[in-house]
Each structure stands twice: as C-alpha cells, then as structure tokens.
Amino acid sequence: MLRLGLAAFAAAFTFVAGSTQAAVIFQDTFSDDDQGGGGFTTVTDLTNWDIVQGNVDILNAGGSYACPTTCIDLDGTGSSAPAILRSKTLYDFYANEQYTLTIDMPRGTQPDSLIFGIDVLGVGVTSETAVNYTFPSTYVMNFSSPTDISAYLYLEMLAPPNNLGPYLNTYTLEGPLRTSQPPAIPLPATGMLLVGALGLLAARRRRAT
C-alpha cells in the first residue's frame with residue numbers, strides 16, 4: 001500500500017502544529033454497532049466503516065471491558081490479518097483549509113501500533129502513527145492540502161493479530177463546514193411581494209362577489 005502518497009503530494013501536504021476552531025464533520029462512537037448483551041461480537045463490517053482486511057470485536061455496552069461507551073477492539077478475535085478500516089463515506093477536503101482527526105482509546109489489552117489518517121483518491125494514505133502509548137490515550141492529526149482533494153477516513157493496525165489490542169471508542173473529523181444556501185430576498189423586495197399577493201387576493205375576492 002502507498003503510504004504518504006506520491007512524493008510530490010507528500011511534500012506539499014502540511015501537518016499543522018496547532019488546531020483552530022472547527023465544526024464536527026463526522027464523529028463515530030460506535031453506539032450504532034452495539035449488539036447488546038454486554039459481551040463482544042466479532043464483525044467484518046461496521047455501520048460507518050468498511051473493514052477491508054481482518055476483523056474487529058464490538059465491545060458491547062454494559063460488559064466487563066470498562067469502556068465509557070461502546071468500543072471496538074481493533075485486534076479482533078481470530079483475525080487472519082491486522083485490521084484495516086476505511087470509511088464508507090468519501091469526504092471532500094478544500095484547499096488550504098485546516099482539518100483535524102482525533103482518535104480516543106480509553107482502554108485496551110495491548111497498545112499495538114497503528115496508523116490513522118486519510119486515503120486520498122488516486123494518491124494513497126497520508127497518516128499519523130500511534131506507538132508506545134499507554135491507556136487512556138488520544139491521538140490528533142492536524143493537516144491541510146494545497147489543492148481540493150477527496151478522501152476516505154482510514155485506520156490500520158500494524159501489529160500481527162493475537163486477539164489483544166487497543167479499544168477505540170471515538171473517531172472524529174473536524175473542519176470548516178461549507179453549505180450552499182439560496183441568497184436571501186432583501187426586505188424591501190419581500191414587502192413588495194407581500195403587497196402584490198394581498199392585492200391579488202383582494203381582486204379575487206371582488207370577482208367572487
């Protein structure tokens with residue numbers, strides 16, 4: 001797999017040291033994946049993610065795993081390979097805007113190394129690495145691109161599977177929200193439309209009588 005994309009792209013891609021005020025574009029706490037019963041469920045698909053390699057365990061609420069919310073064990077039971085997750089939604093990232101990815105791992109049975117970031121169409125994966133951490137742990141990736149790009153959110157385990165791994169309970173994307181809204185009608189024009197409508201209504205009433 002192409003890590004950090006093409007050389008020219010990687011050189012232009014900027015990792016920003018600090019974060020600015022931003023809106024939450026996407027956040028997954030995996031509560032929609034909870035199977036209930038307080039145990040764990042091994043799956044190869046999630047509500048918001050395609051598991052393109054391996055599997056993960058959903059640690060259901062009320063179990064003995066002590067996660068503050070539903071978690072997923074990134075080293076799934078009996079997985080044949082390290083898990084790779086890619087978001088089902090393709091996101092647009094705008095040139096020179098700042099974005100922030102955040103992952104939260106409140107608990108785990110083993111702090112396996114992993115990468116998280118974005119999988120840019122036609123280029124490859126640009127990511128940060130989480131390694132040598134303790135629980136609880138939060139990792140942040142701030143970035144911007146010199147051009148408009150489209151990309152999937154991405155996460156990949158780096159350690160061979162052994163049923164012991166970190167528990168992920170939140171994956172968040174923040175950045176500027178862009179919405180297209182029709183231009184507002186100026187107040188004088190609104191008034192004229194209202195007067196015209198009332199006049200038309202009065203004329204219809206006169207004809208009716």
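Two strands count as paired if DSSP finds at least two bridges between them. Keep that in mind for this predicted model, where Asp57 stands opposite Asp73 in strand S6. Here's a quick tour, starting with the whole chain and then zooming in on one strand, one loop residue and one cavity.

**The chain as a whole**
- You're looking at a protein chain with 15 strands and 2 helices.
- The chain runs to 209 residues, and 41% of them count as buried.
- Take the contacts in the chain with a separation of 6 or more: 77% of them come from residues 24 or more positions apart.
- The accessible surface adds up to about 10900 Å², and carbon and sulfur atoms own 55% of that.

**Strand S5 and its partners**
- Strand S5 covers residues 56–59, with Val56 and Ile58 pointing one way and Asp57 and Leu59 pointing the other way.
- Whichever way they point, all of these residues are buried.
- One partner of S5 is strand S3 (residues 40–43), and the two pair in the antiparallel sense over 4 bridges.
- In that pairing, Val43 is the residue that stands opposite Val56 of S5.
- S5 also pairs with strand S6 (residues 71–73), again in the antiparallel sense, this time over 3 bridges.
- This is where the Asp57 and Asp73 match-up from the opening belongs, with Asp73 sitting in S6.

**Asp112, a loop residue**
- You'll find Asp112 in the loop that links strand S9 (107–108) to strand S10 (114–120).
- Its relative accessible area is 5%, and the cut-off for buried is under 20%, so Asp112 counts as buried.
- The side chain of Asp112 makes a polar contact with the side chain of Gln110, at 2.8 Å.
- Setting aside neighbours within four places in sequence, Asp112 is in contact with Asp75, Ala130, Tyr133, Met157, Ala159, Leu164, Gly165 and Pro166.

**The cavity**
- The count of cavities of 30 Å³ or more comes to 1.
- The largest cavity has a volume of about 40 Å³.
- Its lining includes Asn55, Leu74, Asp75, Gly76, Ser79 and Ala81.
- Also among the lining residues are Pro82, Ala83, Met157, Ala159, Pro160 and Pro161.
- Some names may ring a bell: Asp75, Met157 and Ala159 line the largest cavity, and they are also among the contacts of Asp112.

Methods: Residues numbered from 1 in each chain as written. Predicted model: local features only at pLDDT ≥ 70, side-chain atom pairs only at ≥ 80, totals over all residues. Heavy atoms only, no water. Buried < 20%, exposed > 50% of the residue type's maximum accessible area, 1.4 Å probe, protein only. Contact = heavy atoms within 4.5 Å. Areas by Shrake-Rupley, 256 points an atom, 1.4 Å probe, with all protein chains shown as cover. Polar contact = N/O pair within 3.5 Å; in protein donor to acceptor, adjacent residues only side chain to side chain. 1 Å grid on protein atoms, 1.4 Å probe; cavity = no way out; pocket = protein on both sides within 12 Å on 5 of 7 lines; lining within 4 Å. Points joined across faces, edges and corners; volume = space filled by probe spheres on them.
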